[in-house]
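Notebook open, structure loaded. I want to jot down what I looked up, starting with the overall dimensions.

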Amino acid sequence: MTAPQERPLLRVVKGDPDDHQLAALTAVIAGLAAAVPVEDKPAQRSEWANPARRVRRPLQHGPGAWRASGLPG
């Protein structure tokens, strides 16, 4: 049983690289092909950086308003 014809992994189109240059290029390409892609997850935004924190609630007026102004809302 004969093996089917396989295409070469790399083909030099221009220039005359030596064995070391071809080995380095092959190692880089093989490393890139074997690399696992990282999933693009949205970055966790700190609550301190939340733009809504810059918006102030309206101040309440009336009896006890000064006490209510210090309570979380």
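I checked the radius of gyration first and got 32 Å for the protein. A compact globule of 73 residues would come out near 11 Å. Worth noting here that I'm working from a predicted model.

Next I looked up the extents along the principal axes. The C-alpha trace spans about 95 × 35 × 15 Å.

Then I went through the secondary structure. I find 2 helices and 0 strands in the protein.

How much of the protein counts as buried? I get 1% of the 73 residues. For the surface, I noted about 8000 Å² exposed, with carbon and sulfur atoms supplying 58% of that area.

Charges came after that. I have 10 positive and 7 negative side chains on the list. The centres of the two sets sit 27 Å apart.

Which residues form a nonpolar patch on the surface? I wrote down Leu 10, Leu 25 and Ile 29, which together have about 210 Å² of accessible area.

I picked Ile 29 from that patch for a closer look. Ile 29 belongs to helix 1, which covers residues 19–34. Why does Ile 29 count as partly exposed? Its relative accessibility is 33%, and buried would need under 20%, exposed over 50%. So I've entered Ile 29 as partly exposed.

Terms used
Residues numbered from 1 in each chain as written. Predicted model: local features only at pLDDT ≥ 70, side-chain atom pairs only at ≥ 80, totals over all residues. Heavy atoms only, no water. Helix = DSSP H or I, 4+ residues; strand = E, 2+ residues; numbered from the N terminus. Rg over C-alpha atoms; globule rule 2.2 N^0.38 Å. Buried < 20%, exposed > 50% of the residue type's maximum accessible area, 1.4 Å probe, protein only. Areas by Shrake-Rupley, 256 points an atom, 1.4 Å probe, with all protein chains shown as cover. Lys, Arg positive; Asp, Glu negative; His and termini not counted. Charge placed at Lys NZ, Arg CZ, Asp CG, Glu CD. Patch = residues over 30% accessible without salt bridge, like charges linked within 9 Å, V, L, I, M, F, W, Y side chains within 5 Å. Salt bridge = Lys/Arg side-chain N within 4 Å of Asp/Glu carboxyl O.
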